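Reader: Hello! I am new to this structure and would like a close look at a single part, with its surroundings explained along the way.

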Amino acid sequence: MSDSEYPVRELEKARRRYLVRQGVFRQRPLTGPLEVGIIPTYRCNHGCQFCALPHEPTIHEEMPPERLTAVIAELAAANVEQISFTGGGEPLLYRSLPAMVAAVRDAGLACSVCTNGSLLDEDLVRRWARQGVHVAVSLNAATDAVYRQVHRGARPGDFARIVSLLRRFNEWAAGEGAFVSLNFVVHRTNRHEIAALAELSREIGAAQVQYRLIQPREVHRDLLLSAAELDEAREAVRRVEDDGREAKQTIQVAAVLRPPTGSKRSGETTGGDAAGDSFPDRSGVHCLEGYAAAYIDADGTVFPCCLRSADIRHHQMGRLTERTFQEIWTGSAYAEFRRESFALRPEEADPLVNGCAHCPKASHFLYLTDELAAGNYLDLARGRQTMLTDEAARWKARAGRPAPLPDEAMRVSLRAGERPAAIGPGESFLLPVTVRNDSRIPWPAWDIAGEHAVGLGYHLLDTRGRMLAFDNNPRVYLATDLHPGEETTLPLKVTAPAEPGRYRLVLAMVQEGVAWFEQRGGDVGRVSLTVKG
(Lines give C-alpha, C1' and ligand atoms only; values in the text may rest on other atoms or scores of the structure.)
Protein backbone atom coordinates (compact mmCIF):
# COMPACT_ATOMS: atom_id res chain seq x y z
CA MET A 1 0.00 0.00 0.00
CA SER A 2 1.53 3.31 -1.07
CA ASP A 3 1.62 6.61 0.85
CA SER A 4 -0.80 8.09 -1.67
CA GLU A 5 -3.34 5.39 -0.83
CA TYR A 6 -2.90 5.78 2.91
CA PRO A 7 -0.66 8.76 3.75
CA VAL A 8 1.52 8.59 6.84
CA ARG A 9 0.97 12.32 7.44
CA GLU A 10 -2.75 11.69 7.96
CA LEU A 11 -1.93 9.06 10.56
CA GLU A 12 0.31 11.53 12.38
CA LYS A 13 -2.48 14.12 12.39
CA ALA A 14 -4.96 11.56 13.69
CA ARG A 15 -2.56 10.57 16.47
CA ARG A 16 -2.19 14.20 17.58
CA ARG A 17 -5.95 14.56 17.80
CA TYR A 18 -6.17 11.35 19.81
CA LEU A 19 -3.60 12.74 22.24
CA VAL A 20 -5.52 16.01 22.51
CA ARG A 21 -8.68 14.09 23.34
CA GLN A 22 -6.91 11.94 25.91
CA GLY A 23 -5.37 15.08 27.40
CA VAL A 24 -8.87 16.49 27.93
CA PHE A 25 -9.88 13.33 29.81
CA ARG A 26 -6.76 13.49 31.99
CA GLN A 27 -6.97 17.29 32.42
CA ARG A 28 -3.39 17.83 31.30
CA PRO A 29 -1.95 18.13 27.79
CA LEU A 30 -0.23 15.05 26.36
CA THR A 31 1.07 16.88 23.29
CA GLY A 32 1.62 20.41 22.08
CA PRO A 33 -1.25 22.48 20.67
CA LEU A 34 -2.46 21.62 17.19
CA GLU A 35 -2.17 25.26 16.18
CA VAL A 36 -0.30 28.31 17.41
CA GLY A 37 -1.36 31.74 16.20
CA ILE A 38 1.39 34.35 16.06
CA ILE A 39 0.67 38.09 15.84
CA PRO A 40 3.78 39.51 14.16
CA THR A 41 2.62 43.15 14.18
CA TYR A 42 -0.22 45.43 15.21
CA ARG A 43 0.34 47.83 12.32
CA CYS A 44 -2.52 47.86 9.79
CA ASN A 45 -3.25 49.61 6.49
CA HIS A 46 -7.02 49.18 6.16
CA GLY A 47 -8.92 50.69 9.12
CA CYS A 48 -11.91 48.37 8.72
CA GLN A 49 -15.30 49.73 9.79
CA PHE A 50 -15.82 47.20 12.58
CA CYS A 51 -12.23 46.94 13.86
CA ALA A 52 -11.55 47.46 17.57
CA LEU A 53 -7.81 48.04 17.10
CA PRO A 54 -7.94 51.87 17.01
CA HIS A 55 -9.98 51.90 20.24
CA GLU A 56 -7.86 49.56 22.39
CA PRO A 57 -4.35 49.68 23.89
CA THR A 58 -1.86 48.62 21.21
CA ILE A 59 1.44 46.76 21.43
CA HIS A 60 4.05 48.70 19.48
CA GLU A 61 6.74 46.03 19.76
CA GLU A 62 7.46 43.54 16.98
CA MET A 63 9.28 40.28 17.51
CA PRO A 64 12.73 40.41 15.85
CA PRO A 65 13.05 37.90 12.97
CA GLU A 66 15.86 35.99 14.68
CA ARG A 67 13.73 35.59 17.82
CA LEU A 68 10.70 34.52 15.78
CA THR A 69 12.86 31.96 13.92
CA ALA A 70 13.87 30.48 17.28
CA VAL A 71 10.22 30.39 18.40
CA ILE A 72 9.27 28.48 15.23
CA ALA A 73 11.94 25.87 15.98
CA GLU A 74 10.70 25.62 19.58
CA LEU A 75 7.10 25.10 18.45
CA ALA A 76 8.20 22.38 15.99
CA ALA A 77 9.96 20.59 18.87
CA ALA A 78 6.74 20.85 20.92
CA ASN A 79 4.92 18.77 18.24
CA VAL A 80 2.80 21.70 17.03
CA GLU A 81 1.01 20.90 13.78
CA GLN A 82 0.36 24.37 12.37
CA ILE A 83 1.54 27.94 12.85
CA SER A 84 -0.81 30.72 11.78
CA PHE A 85 0.29 34.32 11.26
CA THR A 86 -2.67 36.46 12.12
CA GLY A 87 -3.83 39.89 13.41
CA GLY A 88 -3.56 42.14 15.48
CA GLY A 89 -2.76 44.19 12.47
CA GLU A 90 -1.92 43.20 8.90
CA PRO A 91 0.73 40.41 8.97
CA LEU A 92 2.16 41.39 5.57
CA LEU A 93 3.36 44.68 7.05
CA TYR A 94 5.89 42.56 8.98
CA ARG A 95 8.71 42.68 6.44
CA SER A 96 10.17 39.26 7.27
CA LEU A 97 6.84 37.42 6.97
CA PRO A 98 7.63 35.56 3.68
CA ALA A 99 10.88 34.29 5.22
CA MET A 100 9.06 33.22 8.40
CA VAL A 101 6.43 31.35 6.35
CA ALA A 102 9.23 29.53 4.51
CA ALA A 103 10.83 28.65 7.87
CA VAL A 104 7.57 27.15 9.10
CA ARG A 105 7.17 25.00 5.99
CA ASP A 106 10.86 23.98 6.09
CA ALA A 107 10.27 22.79 9.68
CA GLY A 108 7.56 20.44 8.36
CA LEU A 109 4.66 22.38 9.91
CA ALA A 110 1.48 23.52 8.22
CA CYS A 111 1.23 27.28 7.81
CA SER A 112 -1.65 29.75 7.58
CA VAL A 113 -1.63 33.49 6.94
CA CYS A 114 -4.69 35.60 7.80
CA THR A 115 -4.56 38.81 5.78
CA ASN A 116 -6.79 41.53 4.36
CA GLY A 117 -5.19 40.62 1.03
CA SER A 118 -4.34 44.17 -0.03
CA LEU A 119 -0.57 43.53 -0.07
CA LEU A 120 -0.71 40.21 -1.90
CA ASP A 121 0.91 40.16 -5.32
CA GLU A 122 1.21 37.53 -8.02
CA ASP A 123 4.73 36.41 -7.09
CA LEU A 124 3.86 35.93 -3.41
CA VAL A 125 0.59 34.16 -4.14
CA ARG A 126 2.31 31.78 -6.55
CA ARG A 127 5.09 31.09 -4.02
CA TRP A 128 2.67 30.37 -1.18
CA ALA A 129 0.50 28.18 -3.40
CA ARG A 130 3.53 26.07 -4.25
CA GLN A 131 4.81 26.03 -0.67
CA GLY A 132 1.48 24.67 0.58
CA VAL A 133 0.25 27.69 2.58
CA HIS A 134 -3.33 28.23 3.74
CA VAL A 135 -4.25 31.82 2.83
CA ALA A 136 -7.19 33.16 4.87
CA VAL A 137 -8.48 36.48 3.53
CA SER A 138 -10.72 38.76 5.58
CA LEU A 139 -12.88 39.86 2.66
CA ASN A 140 -16.04 40.83 4.60
CA ALA A 141 -17.94 41.58 1.38
CA ALA A 142 -19.09 39.98 -1.85
CA THR A 143 -19.11 43.15 -4.01
CA ASP A 144 -16.70 45.99 -4.62
CA ALA A 145 -19.14 48.62 -3.34
CA VAL A 146 -19.61 47.00 0.06
CA TYR A 147 -15.92 46.10 0.25
CA ARG A 148 -14.94 49.77 -0.07
CA GLN A 149 -17.46 50.72 2.62
CA VAL A 150 -16.10 48.13 5.07
CA HIS A 151 -12.39 48.39 4.23
CA ARG A 152 -11.89 52.13 4.47
CA GLY A 153 -8.19 51.96 3.61
CA ALA A 154 -8.75 49.97 0.42
CA ARG A 155 -7.40 51.32 -2.85
CA PRO A 156 -9.45 51.42 -6.08
CA GLY A 157 -9.42 48.01 -7.74
CA ASP A 158 -8.30 46.12 -4.59
CA PHE A 159 -11.42 43.94 -4.41
CA ALA A 160 -11.25 42.71 -8.02
CA ARG A 161 -7.47 42.22 -7.80
CA ILE A 162 -7.69 40.15 -4.59
CA VAL A 163 -10.49 37.95 -5.97
CA SER A 164 -8.49 37.38 -9.16
CA LEU A 165 -5.35 36.44 -7.18
CA LEU A 166 -7.30 33.95 -5.08
CA ARG A 167 -8.62 32.26 -8.22
CA ARG A 168 -5.05 32.03 -9.52
CA PHE A 169 -3.88 30.61 -6.18
CA ASN A 170 -6.00 27.52 -6.75
CA GLU A 171 -4.55 27.13 -10.24
CA TRP A 172 -1.00 27.30 -8.87
CA ALA A 173 -1.59 25.25 -5.71
CA ALA A 174 0.84 22.34 -5.64
CA GLY A 175 2.00 21.91 -2.05
CA GLU A 176 0.08 19.86 0.49
CA GLY A 177 -2.01 22.21 2.66
CA ALA A 178 -2.44 24.93 0.03
CA PHE A 179 -5.98 26.28 0.12
CA VAL A 180 -7.95 29.51 0.40
CA SER A 181 -10.50 30.48 3.04
CA LEU A 182 -12.59 33.64 3.46
CA ASN A 183 -13.55 35.47 6.66
CA PHE A 184 -16.71 37.55 7.03
CA VAL A 185 -17.58 39.66 10.09
CA VAL A 186 -21.33 40.22 9.93
CA HIS A 187 -22.60 43.75 10.69
CA ARG A 188 -25.17 46.20 9.36
CA THR A 189 -23.15 47.24 6.29
CA ASN A 190 -22.64 43.73 4.87
CA ARG A 191 -25.39 41.57 6.43
CA HIS A 192 -27.28 41.36 3.11
CA GLU A 193 -24.19 39.75 1.45
CA ILE A 194 -23.94 36.65 3.66
CA ALA A 195 -25.24 34.32 0.93
CA ALA A 196 -23.44 36.18 -1.86
CA LEU A 197 -20.11 35.75 -0.05
CA ALA A 198 -20.71 31.99 0.08
CA GLU A 199 -21.42 31.94 -3.66
CA LEU A 200 -18.27 33.96 -4.35
CA SER A 201 -16.23 31.59 -2.17
CA ARG A 202 -17.34 28.61 -4.24
CA GLU A 203 -16.57 30.49 -7.46
CA ILE A 204 -13.07 31.28 -6.17
CA GLY A 205 -12.62 27.70 -4.98
CA ALA A 206 -12.30 28.53 -1.27
CA ALA A 207 -12.31 25.42 0.90
CA GLN A 208 -13.62 27.19 3.99
CA VAL A 209 -15.70 30.24 5.01
CA GLN A 210 -15.88 31.66 8.52
CA TYR A 211 -18.77 33.83 9.70
CA ARG A 212 -18.49 35.88 12.88
CA LEU A 213 -20.69 38.63 14.32
CA ILE A 214 -19.34 42.09 15.13
CA GLN A 215 -18.59 42.34 18.83
CA PRO A 216 -20.66 45.00 20.60
CA ARG A 217 -18.80 48.21 21.40
CA GLU A 218 -20.25 51.65 22.00
CA VAL A 219 -18.12 53.11 19.23
CA HIS A 220 -19.75 50.66 16.76
CA ARG A 221 -23.33 51.16 17.88
CA ASP A 222 -24.48 52.08 14.35
CA LEU A 223 -23.09 48.79 12.98
CA LEU A 224 -24.84 46.45 15.43
CA LEU A 225 -27.79 44.38 14.21
CA SER A 226 -31.30 44.78 15.57
CA ALA A 227 -33.04 41.67 16.89
CA ALA A 228 -34.92 41.26 13.60
CA GLU A 229 -31.77 41.73 11.54
CA LEU A 230 -29.93 39.19 13.69
CA ASP A 231 -32.71 36.63 13.08
CA GLU A 232 -32.42 37.25 9.33
CA ALA A 233 -28.65 36.85 9.50
CA ARG A 234 -28.97 33.58 11.40
CA GLU A 235 -31.37 32.22 8.81
CA ALA A 236 -29.03 33.26 5.99
CA VAL A 237 -26.08 31.56 7.70
CA ARG A 238 -28.16 28.43 8.26
CA ARG A 239 -28.89 28.23 4.52
CA VAL A 240 -25.19 28.79 3.76
CA GLU A 241 -24.31 25.85 6.03
CA ASP A 242 -26.82 23.62 4.23
CA ASP A 243 -25.35 24.60 0.85
CA GLY A 244 -21.82 24.12 2.20
CA ARG A 245 -22.54 20.54 3.22
CA GLU A 246 -23.75 19.77 -0.30
CA ALA A 247 -20.66 21.45 -1.78
CA LYS A 248 -18.36 19.68 0.75
CA GLN A 249 -17.19 23.08 1.95
CA THR A 250 -16.30 23.84 5.58
CA ILE A 251 -18.47 26.58 7.09
CA GLN A 252 -17.40 27.87 10.51
CA VAL A 253 -20.04 29.86 12.39
CA ALA A 254 -19.85 31.79 15.67
CA ALA A 255 -22.22 30.56 18.36
CA VAL A 256 -24.06 33.91 18.45
CA LEU A 257 -24.99 33.48 14.76
CA ARG A 258 -26.91 30.30 15.55
CA PRO A 259 -30.48 30.24 16.81
CA PRO A 260 -30.71 30.29 20.63
CA THR A 261 -30.39 26.86 22.25
CA GLY A 262 -33.60 24.88 21.89
CA SER A 263 -35.03 26.83 18.97
CA LYS A 264 -35.53 25.12 15.64
CA ARG A 265 -37.27 25.50 12.36
CA SER A 266 -40.40 23.60 11.44
CA GLY A 267 -39.63 19.96 10.69
CA GLU A 268 -36.07 20.25 12.00
CA THR A 269 -34.51 18.05 14.69
CA THR A 270 -31.76 18.99 17.09
CA GLY A 271 -30.73 15.46 18.09
CA GLY A 272 -27.75 13.50 16.89
CA ASP A 273 -29.52 10.87 14.81
CA ALA A 274 -28.68 12.10 11.33
CA ALA A 275 -26.77 9.52 9.34
CA GLY A 276 -23.09 10.27 9.15
CA ASP A 277 -23.24 13.24 11.55
CA SER A 278 -22.95 12.67 15.27
CA PHE A 279 -24.02 16.18 16.32
CA PRO A 280 -25.69 17.92 13.36
CA ASP A 281 -26.66 21.04 15.31
CA ARG A 282 -23.03 21.60 16.41
CA SER A 283 -24.16 22.75 19.87
CA GLY A 284 -23.33 21.73 23.42
CA VAL A 285 -19.61 21.21 22.70
CA HIS A 286 -17.10 21.92 25.48
CA CYS A 287 -14.42 24.54 24.93
CA LEU A 288 -11.15 22.74 24.16
CA GLU A 289 -9.12 25.80 23.19
CA GLY A 290 -6.73 25.24 26.10
CA TYR A 291 -5.76 21.86 24.64
CA ALA A 292 -5.95 22.66 20.91
CA ALA A 293 -4.44 26.11 20.40
CA ALA A 294 -2.22 28.87 21.76
CA TYR A 295 -1.45 32.43 20.68
CA ILE A 296 1.73 34.51 20.82
CA ASP A 297 1.55 38.31 20.86
CA ALA A 298 3.98 40.59 19.06
CA ASP A 299 5.86 41.18 22.33
CA GLY A 300 6.22 37.44 23.09
CA THR A 301 3.27 37.14 25.50
CA VAL A 302 1.49 33.77 25.26
CA PHE A 303 -2.29 33.90 25.64
CA PRO A 304 -4.81 31.05 25.30
CA CYS A 305 -7.65 32.48 23.20
CA CYS A 306 -8.20 35.25 20.66
CA LEU A 307 -11.54 36.13 22.34
CA ARG A 308 -11.88 37.51 25.85
CA SER A 309 -14.32 35.71 28.15
CA ALA A 310 -15.95 37.46 31.11
CA ASP A 311 -15.82 34.09 32.94
CA ILE A 312 -12.04 33.71 32.69
CA ARG A 313 -9.97 35.50 35.31
CA HIS A 314 -6.55 35.40 33.69
CA HIS A 315 -5.67 35.73 30.01
CA GLN A 316 -1.87 35.91 30.06
CA MET A 317 -0.04 32.61 30.37
CA GLY A 318 3.54 33.87 30.36
CA ARG A 319 6.20 35.56 28.21
CA LEU A 320 8.66 33.82 25.91
CA THR A 321 11.35 36.26 27.02
CA GLU A 322 11.15 34.67 30.48
CA ARG A 323 10.21 31.01 29.93
CA THR A 324 10.12 28.47 27.12
CA PHE A 325 6.88 27.73 25.33
CA GLN A 326 6.79 24.19 26.74
CA GLU A 327 7.14 25.54 30.29
CA ILE A 328 4.27 27.96 29.69
CA TRP A 329 2.09 25.33 27.97
CA THR A 330 2.40 22.91 30.91
CA GLY A 331 2.39 25.62 33.61
CA SER A 332 -0.13 26.47 36.31
CA ALA A 333 -1.71 29.45 34.49
CA TYR A 334 -2.65 27.26 31.54
CA ALA A 335 -3.97 24.53 33.88
CA GLU A 336 -6.30 27.08 35.49
CA PHE A 337 -7.46 28.35 32.11
CA ARG A 338 -8.27 24.81 30.98
CA ARG A 339 -10.40 24.17 34.05
CA GLU A 340 -12.33 27.42 33.65
CA SER A 341 -12.79 27.29 29.87
CA PHE A 342 -13.93 23.65 29.82
CA ALA A 343 -16.94 24.63 31.92
CA LEU A 344 -18.03 27.35 29.45
CA ARG A 345 -20.98 27.01 27.07
CA PRO A 346 -20.52 29.44 24.15
CA GLU A 347 -24.12 28.93 23.00
CA GLU A 348 -25.33 30.18 26.39
CA ALA A 349 -22.93 33.15 26.68
CA ASP A 350 -24.22 36.72 26.61
CA PRO A 351 -22.77 38.28 23.43
CA LEU A 352 -22.88 41.74 24.97
CA VAL A 353 -20.31 40.92 27.64
CA ASN A 354 -18.75 37.57 26.77
CA GLY A 355 -16.40 36.97 23.86
CA CYS A 356 -17.15 33.23 23.96
CA ALA A 357 -20.47 33.87 22.21
CA HIS A 358 -18.49 34.99 19.16
CA CYS A 359 -16.36 31.83 18.92
CA PRO A 360 -16.62 29.97 15.57
CA LYS A 361 -14.76 26.85 16.71
CA ALA A 362 -17.63 24.60 17.85
CA SER A 363 -17.30 22.38 14.78
CA HIS A 364 -13.53 22.15 15.33
CA PHE A 365 -14.01 21.08 18.96
CA LEU A 366 -16.64 18.58 17.83
CA TYR A 367 -14.12 17.11 15.42
CA LEU A 368 -11.69 16.58 18.30
CA THR A 369 -14.28 14.87 20.52
CA ASP A 370 -16.05 12.75 17.91
CA GLU A 371 -13.51 10.05 17.14
CA LEU A 372 -15.57 8.78 14.18
CA ALA A 373 -15.71 12.20 12.49
CA ALA A 374 -14.32 12.17 8.96
CA GLY A 375 -10.51 12.19 9.12
CA ASN A 376 -10.33 11.44 12.83
CA TYR A 377 -8.37 8.52 14.21
CA LEU A 378 -11.09 5.84 14.38
CA ASP A 379 -12.39 6.86 10.96
CA LEU A 380 -8.85 6.50 9.56
CA ALA A 381 -8.41 3.16 11.30
CA ARG A 382 -11.68 1.96 9.85
CA GLY A 383 -10.60 3.20 6.42
CA ARG A 384 -7.28 1.43 6.73
CA GLN A 385 -9.00 -1.84 7.64
CA THR A 386 -11.15 -1.54 4.52
CA MET A 387 -8.10 -0.79 2.37
CA LEU A 388 -6.19 -3.77 3.74
CA THR A 389 -9.17 -6.05 3.17
CA ASP A 390 -9.49 -4.85 -0.43
CA GLU A 391 -5.73 -5.16 -0.94
CA ALA A 392 -5.78 -8.75 0.37
CA ALA A 393 -8.65 -9.60 -1.99
CA ARG A 394 -6.71 -8.19 -4.97
CA TRP A 395 -3.61 -10.18 -4.06
CA LYS A 396 -5.65 -13.33 -3.66
CA ALA A 397 -7.23 -12.82 -7.09
CA ARG A 398 -3.82 -12.20 -8.69
CA ALA A 399 -2.17 -15.13 -6.95
CA GLY A 400 -4.94 -17.43 -8.17
CA ARG A 401 -4.01 -16.91 -11.81
CA PRO A 402 -1.98 -19.70 -13.47
CA ALA A 403 1.71 -18.69 -13.46
CA PRO A 404 2.71 -20.06 -16.90
CA LEU A 405 0.89 -17.96 -19.53
CA PRO A 406 -0.92 -19.92 -22.25
CA ASP A 407 0.15 -19.42 -25.85
CA GLU A 408 -2.81 -17.14 -26.61
CA ALA A 409 -1.60 -14.71 -23.92
CA MET A 410 1.69 -14.05 -25.74
CA ARG A 411 0.30 -11.55 -28.24
CA VAL A 412 2.28 -8.31 -28.12
CA SER A 413 3.12 -5.09 -29.97
CA LEU A 414 6.46 -3.33 -29.36
CA ARG A 415 7.53 0.20 -30.32
CA ALA A 416 11.03 1.57 -29.69
CA GLY A 417 11.56 5.18 -28.68
CA GLU A 418 14.43 7.57 -29.34
CA ARG A 419 17.99 6.23 -29.19
CA PRO A 420 21.47 7.64 -29.86
CA ALA A 421 22.68 7.73 -33.46
CA ALA A 422 25.88 5.92 -32.40
CA ILE A 423 27.64 4.84 -29.19
CA GLY A 424 31.12 3.70 -28.29
CA PRO A 425 32.19 0.05 -27.82
CA GLY A 426 30.99 -1.33 -24.48
CA GLU A 427 28.87 1.75 -23.70
CA SER A 428 25.28 1.40 -22.47
CA PHE A 429 22.09 3.41 -22.80
CA LEU A 430 18.43 3.04 -21.83
CA LEU A 431 16.13 2.38 -24.76
CA PRO A 432 12.46 3.23 -24.05
CA VAL A 433 10.24 0.47 -25.46
CA THR A 434 6.44 0.77 -25.41
CA VAL A 435 4.81 -2.64 -24.94
CA ARG A 436 1.10 -3.36 -25.51
CA ASN A 437 -0.79 -6.47 -24.38
CA ASP A 438 -2.71 -7.57 -27.49
CA SER A 439 -4.14 -10.69 -25.85
CA ARG A 440 -7.23 -11.21 -23.69
CA ILE A 441 -5.25 -12.35 -20.66
CA PRO A 442 -3.50 -10.09 -18.09
CA TRP A 443 0.27 -10.34 -17.78
CA PRO A 444 1.39 -10.52 -14.14
CA ALA A 445 3.87 -8.08 -12.58
CA TRP A 446 7.12 -9.38 -11.10
CA ASP A 447 5.88 -9.06 -7.49
CA ILE A 448 3.23 -11.74 -7.96
CA ALA A 449 4.77 -13.76 -10.81
CA GLY A 450 8.01 -14.58 -8.99
CA GLU A 451 10.10 -17.00 -11.02
CA HIS A 452 7.64 -16.62 -13.93
CA ALA A 453 8.02 -12.82 -14.25
CA VAL A 454 7.17 -11.22 -17.59
CA GLY A 455 9.94 -9.01 -18.97
CA LEU A 456 11.61 -7.45 -21.98
CA GLY A 457 14.99 -8.45 -23.43
CA TYR A 458 16.80 -8.32 -26.78
CA HIS A 459 18.80 -10.46 -29.22
CA LEU A 460 21.91 -9.08 -30.96
CA LEU A 461 22.34 -9.79 -34.72
CA ASP A 462 24.77 -8.63 -37.39
CA THR A 463 23.60 -6.82 -40.52
CA ARG A 464 23.21 -10.15 -42.38
CA GLY A 465 20.80 -11.42 -39.69
CA ARG A 466 23.18 -13.86 -38.03
CA MET A 467 22.61 -14.33 -34.28
CA LEU A 468 25.56 -13.00 -32.24
CA ALA A 469 23.98 -13.17 -28.76
CA PHE A 470 20.50 -14.63 -28.17
CA ASP A 471 20.08 -13.61 -24.51
CA ASN A 472 21.36 -10.25 -23.25
CA ASN A 473 20.91 -9.44 -19.55
CA PRO A 474 19.74 -7.61 -17.53
CA ARG A 475 16.10 -7.75 -18.60
CA VAL A 476 13.46 -5.26 -17.42
CA TYR A 477 10.25 -6.64 -15.88
CA LEU A 478 6.67 -5.40 -15.56
CA ALA A 479 6.26 -3.34 -12.37
CA THR A 480 2.45 -3.66 -12.46
CA ASP A 481 0.01 -6.07 -14.07
CA LEU A 482 -0.56 -5.26 -17.75
CA HIS A 483 -4.18 -5.90 -18.69
CA PRO A 484 -5.55 -6.60 -22.17
CA GLY A 485 -5.31 -3.55 -24.42
CA GLU A 486 -3.07 -1.67 -21.98
CA GLU A 487 0.44 -0.50 -22.77
CA THR A 488 3.46 0.56 -20.75
CA THR A 489 6.94 1.90 -21.53
CA LEU A 490 9.89 -0.10 -20.20
CA PRO A 491 13.49 1.24 -20.00
CA LEU A 492 15.60 -1.51 -21.60
CA LYS A 493 19.33 -1.33 -20.90
CA VAL A 494 21.29 -1.94 -24.12
CA THR A 495 25.08 -2.51 -24.07
CA ALA A 496 27.11 -2.13 -27.26
CA PRO A 497 29.39 -4.98 -28.37
CA ALA A 498 33.16 -4.48 -28.19
CA GLU A 499 33.67 -4.31 -31.96
CA PRO A 500 32.74 -1.19 -33.97
CA GLY A 501 30.20 -1.67 -36.75
CA ARG A 502 26.49 -1.82 -37.53
CA TYR A 503 24.18 -4.23 -35.71
CA ARG A 504 20.52 -5.14 -35.34
CA LEU A 505 18.56 -5.49 -32.09
CA VAL A 506 15.53 -7.77 -31.90
CA LEU A 507 13.31 -6.65 -29.00
CA ALA A 508 11.38 -9.55 -27.48
CA MET A 509 9.11 -10.27 -24.51
CA VAL A 510 9.75 -13.31 -22.33
CA GLN A 511 8.11 -15.12 -19.44
CA GLU A 512 10.85 -16.51 -17.27
CA GLY A 513 10.90 -20.28 -17.05
CA VAL A 514 8.22 -20.60 -19.74
CA ALA A 515 9.08 -19.18 -23.19
CA TRP A 516 9.97 -16.18 -25.29
CA PHE A 517 6.76 -14.75 -26.74
CA GLU A 518 8.15 -15.04 -30.29
CA GLN A 519 8.43 -18.81 -29.78
CA ARG A 520 4.63 -18.95 -29.16
CA GLY A 521 3.60 -16.72 -32.06
CA GLY A 522 4.22 -13.26 -30.54
CA ASP A 523 5.70 -10.34 -32.48
CA VAL A 524 9.10 -8.73 -31.94
CA GLY A 525 10.50 -5.24 -32.50
CA ARG A 526 13.58 -4.40 -34.57
CA VAL A 527 16.00 -1.48 -34.36
CA SER A 528 19.48 -0.76 -35.72
CA LEU A 529 22.55 -0.04 -33.60
CA THR A 530 25.76 1.70 -34.72
CA VAL A 531 28.95 1.25 -32.69
CA LYS A 532 31.50 3.92 -33.61
CA GLY A 533 35.21 3.19 -33.92
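Reader: Is Thr250 buried, partly exposed or exposed? Please take me from there to the salt bridges and helices.

Author: Happy to help! This is a predicted model, in which local features need pLDDT of at least 70 and side-chain atom pairs count only at pLDDT 80 or more, while totals for chains, interfaces and linings use all residues. Residues are numbered from 1 along each chain as its sequence is written, and side-chain values use heavy atoms, with hydrogens and water left out.

Thr250 is partly exposed, with a relative accessible area of 38%. Here buried means under 20% relative accessible area, exposed means over 50%, and partly exposed lies in between (1.4 Å probe, protein chains only). Thr250 sits in strand β7. Helices (H or I, at least four residues) and strands (E, at least two) are DSSP runs, numbered from the N terminus. Leaving aside neighbours within four places in sequence, Thr250 is in contact with Ala207, Gln208 and Val209, contact meaning heavy atoms within 4.5 Å. The C-alpha atoms of Thr250 and Gln210 are separated by 8.4 Å, although these residues are 40 apart along the chain.

Now to the charged pairs. Side chains of opposite charge can pair when their charged atoms come close. A salt bridge is counted when a side-chain nitrogen of Lys or Arg is within 4 Å of a carboxyl oxygen of Asp or Glu, and the structure holds 25 of them. One joins Glu241 and Arg258, at 3.0 Å from N to O. That pair links distant parts of the chain, 17 residues apart: Glu241 is in helix α8, and Arg258 is in the loop between β7 (250-253) and α9 (289-292). Glu241 is buried at 11% relative accessible area, and Arg258 is buried at 14%.

Helix α8 also takes part in a salt bridge through Glu232, which meets Arg191 at 3.0 Å, N to O. Because Glu232 lies in α8 (residues 227-246) and Arg191 in the loop between β5 (179-186) and α7 (194-204), the pair ties together parts that are 41 residues apart in sequence. Glu232 is partly exposed at 48% relative accessible area, and Arg191 is partly exposed at 26%. Salt bridges that share partners join Arg188, Arg191, Glu229 and Glu232 into one network.

A pair within one helix makes a good companion example. Glu122 forms a salt bridge with Arg126, their closest N and O atoms being 3.1 Å apart. These two are separated by about one helical turn because they are four residues apart in helix α4 (residues 122-131). Glu122 is partly exposed at 38% relative accessible area, and so is Arg126 at 22%.

Back to α8 and its packing with α7. The axes of α7 and α8 are 9 Å apart, at an angle of about 25 degrees. That makes α7 roughly parallel to α8; angles under 35 degrees count as roughly parallel, over 145 as roughly antiparallel, 65 to 115 as roughly perpendicular and the rest as oblique. Axes are lines fitted to C-alpha atoms, for helices over the stretch in contact, and angles run from 0 to 180 degrees between N-to-C directions. Where they meet, Ile194, Ala195, Ala198 and Arg202 in α7 touch Ala233, Ala236, Val237, Val240 and Asp243 in α8.
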